[in-house]
Each structure stands twice: as structure tokens, then as C-alpha cells.
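Please open the structure in your viewer, with the sequence panel beside it, and keep the selection tool at hand. The tour below proceeds by selections, each followed by a description of what is there.

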Amino acid sequence: MEQQIPYKIYLKETEMPTAWYNVRADMKNKPAPLLNPGTGKPMTAAELEGVFCEELVAQELNDTDRFIPIPEEIRSFYKMYRPSPLIRAYCLEEKLGTPAKIYYKFEGNNTSGSHKLNSAIAQAYYAKKQGLKGVTTETGAGQWGTALSMACSYFDLDCRVYMVKVSYEQKPFRREVMRTYGARVTPSPSDTTEIGRKILAEFPGTTGSLGCAISEAVEDAVTHEGYRYVLGSVLNQVLLHQSVIGLETKAALDQYGITPDIIIGCAGGGSNLGGLIAPFMGEKLRGEKEYRIIAVEPASCPSFTRGKFAYDFCDTGKVCPLAKMYTLGSGFIPAPNHAGGLRYHGMSSTLSQLYEDGYLEATTAVQTDVFQAAEQFARVEGILPAPESAHAIKVAIDEAMKCKETGEAKTIVFGLTGTGYFDMVAYERFHNGEMSDYIPTNEELEKSLAKLPQIN
């Protein structure tokens, strides 16, 4: 007789991770180093410390330590909303009529509404520890900006957020939550920075991108004493902090002797995907277990599936270091779709290397299919998902339906990165039939990729 699994599996506070897991320690092929765009040589710690906090730079460059202790102050903050639940989607399974067993790790049970707080509190902690006045950042959908504003408020730090213009206009309530926590929020590109003015001159009427917002936030940080720039995705340090998601997921599954067959996460810059898959990928890299790992990205911003594995600028203004990653070109401006947190031209160097080496696969989903899956999920599971999360839901449902066809009872785990209660304009447009499924043409991508920096 099959063991009855609870609807929600909670770890005890005492079972929370005490250290982050650094997947790079187990990678045979390490991510390529960040390069100085001026010299073409690997960035040194001293160079990076002009932009990032000192301790975060050490984490960014650490390819050898498998586990990095989580400071007690951060663990104490985590206890306000962690451990987060691993939920068995019994209702969805029944509705689909599938023999598959579906689990999702729900990261939306905090005021920021997403997983982003896991790294925001860590980065704010290290900024405060260094004695800084404040930090600058970018945000797409607003989840990262919201999380960082909360973290900075907790540590009494100034927080300056450059929010992608289309999201600034589509999601005013997310913007107001940031302001409630004391952040200054500026639509990007703006006329308040030199980079912003340059982008506006080159792309009049642009709705912005994460690449644009990153450029402005970096300029703001390096031109104001006592400030540093912090990033909510892409970087190695962020994937490190987000590993608490995967560590908790694996610990919860292990309690019941459950081994997933398929692990699915949405992919924009890589923070939630990298965090969710971290310990499972570690086992795969060490040859201990085999998992099928799927990254899901918007068809309108297909970095993995249609991008090029090459060195590129991390930002549109070309002021950041060069990273070797799957990229669509730093000048690529995605269509103004509603999955704002996935509208980034590139992908984490760590995940890019794992994808290049065949350890994970990638697929795309068009916007209307994603919202259809989100609505289907909300109606049976009782949680309104963020548009970003709904990409993983879409593919999880697809995989469950394949099990229905074959009769295989596979175990599927996906990341529900956050809630969609600040995304109601998107849901309204979906319900009104006003949502488009724009997919960039080969010509558009070729034009953007043709401008990649030439690195020998």
C-alpha cells in the first residue's frame, strides 16, 4: 500500500539549512570568469569590490567550497517565513487524471510574494556589515525590488530601485509596496542617469529591459560614495543564496523516501531555477543520481533555446563585466510581455555551463499558454501564481499529461516562485483576449547577436 503523503510537508525550524550549497564546487567545467571589458582579462576581487560588497565578491569567485555557512542573523530572518512548504498537488493530479505525482515548492509565503527575499536579506546583511549607506538595484516584475526594499528596511539601509518601465506602468501596486518599505523607485530607462539618457536617445519610446535597468543601477552605485550595486539573479552569489530552496525541497522529499524524476523551474536570469535544482544537480554531477531537469523560458525571450553561448555584457549600457553565458545580445529589448522577471537577455553563467554540458534541458512557452496554465492551476490548487512561476506550471502539466498517455507514474517537482496578486493587469488582459504571443524573428535575433563583443 502506497504511503500517504501530506498535502503540505513542512520542515522544522531546526531542520532548516545552516549552510548554502555551492554547486560550482562539484562542476568539472567551472563557469568561465567574468572579464574586464576594458582589458579582456578576468576581473579581480579588487575590481569587483568597486561595484559589489566585499563578502559577496568572495562568494562570487568561490568555485571550491561546497558549503558556505549562513550567518546566524540571516538564519534568524529566514525563520520569519522559512521553511517554506513543499505541497503535493493532489487536486491538480485528480483534475488532470494523471498517474503522475506532482509536488511544488511554494516560495510566495512572505510579503515580497516570492523567493527573492532569500538573497535580498543576505545581500543587505553584507552591505550593512561593510558599513555602507545603501544599495542600488534593478527590478523587472518588481519581486526583487520589493524583496530588497524589505531587507534594506530591516537593516536601515537606503534602497534605490530602477524598475523596467513596462513593469513600472503595468504593476503600480508592486511599486507602492517598495515605496512603503522606503525605497526610491525610478522607471527605467530614465533621464536621471547618463546611461539612461543614452538608451532613450538610441531607443526612443522603449519600454525598457532588465539590461537597461542594470546599467542605470550600476552607474548610480559607482557615482555615489557609500553605495554598492546588488543583483537579484544571474550572479553566482545569488544562486548560492537561493540554494536554500533546493536544500529544503530535498530534505522534505527525503523524509518520505521520495526521489523526483523530473524537476522544472522557470528561467529568466537563473536565480530560482538554480536554487531549486542545486542539491539535485550536485548529485547528478557527482554521479550519485540521475534527474531530468527542465528550464522553461518565455518564447519572447529565449536565451537558452535560441541564444548563443558566448561572452557578452550583462547590461544594455555595457558598463558591467563580460560574462560567458547563453545570450540574445545585450542590446536585445524583449517584447513587453507580462513575465517581467524573465525578460533578461542572458542567463546565469553557472546554468549556462551546465546547459552547455548537457546536464539540463530547456524549452519555451508562449504567453497565452502560460496564463491558461496559471488559471487552471489557480482554480484547483487555490494559489494565484506569478506569471514567471506559471511557465513551470505549464510544463509540469504537459509532463503530467504525457504520463497520462503512457501510464507512467513519474514524480514531478516544480518551483512555484511566487504569487500573482500584483499581476492582475496581466490576468485582465488575458481574460479580455488582449494578450499577444509575440516571438522574435530569426532576423531580429541575428541582428542583436551580430553585435556580441569579439573575445579571443
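The stops that follow take in a sheet, its helices, the nonpolar cores and several charged side chains of this predicted model.

**The open sheet**

Begin by selecting strands 6, 7, 8 and 9, which form an open sheet of 4 strands in the order 8-7-6-9, with parallel pairing. Strand 8 (184–188) and strand 9 (227–229) stand at the edges and have a single partner strand each, so one side of each is left without a neighbour in the sheet. If you look along the sheet, the twist from one strand to the next averages 20°.

Now restrict the view to strand 6 (residues 134–139) and strand 9, which run parallel and are joined by 3 bridges; here Val135 can be found opposite Arg228 in strand 9.

Add helix 6 (residues 143–155), which lies across strand 6 and strand 7 (158–164) and runs at about 165° to strand 6. Helix 8 (residues 172–180) also packs on the sheet, where it touches strand 6, strand 7 and strand 8, and its direction makes about 170° with that of strand 7.

**The nonpolar cores**

Next, select Trp20, Ile74, Tyr78, Phe304 and Leu360, which touch the most other members among the 73 residues of the largest nonpolar core. Helix 5 (residues 117–129) gives the most to this core, with 8 residues. Centre on Ile74 and, leaving aside residues up to four places away in sequence, you will find it touching Trp20, Ile121, Ala122, Tyr125 and Tyr126. A second, separate core comprises 35 residues, among them Ile264, Ala396, Ile397 and Met435.

**Salt bridges**

Turn now to the charged side chains, where the count comes to 23 salt bridges. Select Lys105 and Glu248, whose side chains meet in a salt bridge at 2.9 Å, N to O. This pair links distant parts of the chain, since Lys105 is in strand 5 (residues 101–106) and Glu248 is in helix 11 (residues 236–255), 143 residues apart. Are these two side chains buried or exposed? Lys105 counts as buried because its relative accessibility is 2%, and Glu248 is likewise buried, with a relative accessible area of 1%.

Staying on helix 11, select Asp254 and Lys250, which lie 4 residues apart, about one turn of the helix, and whose side chains form a salt bridge at 2.9 Å, N to O. Asp254 is partly exposed, with a relative accessible area of 40%, whereas Lys250 is buried at 14%.

Helix 16 (residues 387–406) holds Lys394 and Asp398, again 4 residues apart, about one turn of the helix, and their side chains meet in a salt bridge of 2.5 Å, N to O. Lys394 is buried, with a relative accessible area of 17%, while Asp398 counts as partly exposed at 28% relative accessibility.

For a group rather than a pair, select Asp26, Arg66, Arg286 and Glu288, which are linked in a network of salt bridges.

**The last stop: Lys284**

Finish at Lys284, which is found in helix 12 (residues 271–285). What does the side chain of Lys284 reach at 2.7 Å? The partner is the backbone oxygen of Tyr291. Lys284 counts as buried because its relative accessibility is 12%, under the 20% cut-off. Not counting residues up to four places away in sequence, Lys284 touches Lys289, Glu290, Tyr291 and Tyr359.

Key: Residues are numbered from 1 along each chain as its sequence is written. This is a predicted model: local features need pLDDT of at least 70, side-chain atom pairs count only at pLDDT 80 or more; totals for chains, interfaces and linings use all residues. Side-chain values use heavy atoms; hydrogens and water are left out. Helices (H or I, at least four residues) and strands (E, at least two) are DSSP runs, numbered from the N terminus. Buried means under 20% relative accessible area, exposed over 50%, partly exposed in between (1.4 Å probe, protein chains only). A polar contact is a pair of N or O atoms within 3.5 Å; within protein, one must be able to donate a hydrogen and the other to accept it, and residues adjacent in sequence count only if both atoms are side-chain atoms. Contact means heavy atoms within 4.5 Å. A salt bridge is a side-chain nitrogen of Lys or Arg within 4 Å of a carboxyl oxygen of Asp or Glu. A nonpolar core is a set of buried Ala, Val, Leu, Ile, Met, Phe, Trp, Tyr and Cys residues joined through side-chain atoms within 4.5 Å. Two strands pair if DSSP finds at least two bridges between them. Axes are lines fitted to C-alpha atoms, for helices over the stretch in contact, and angles run from 0 to 180 degrees between N-to-C directions.
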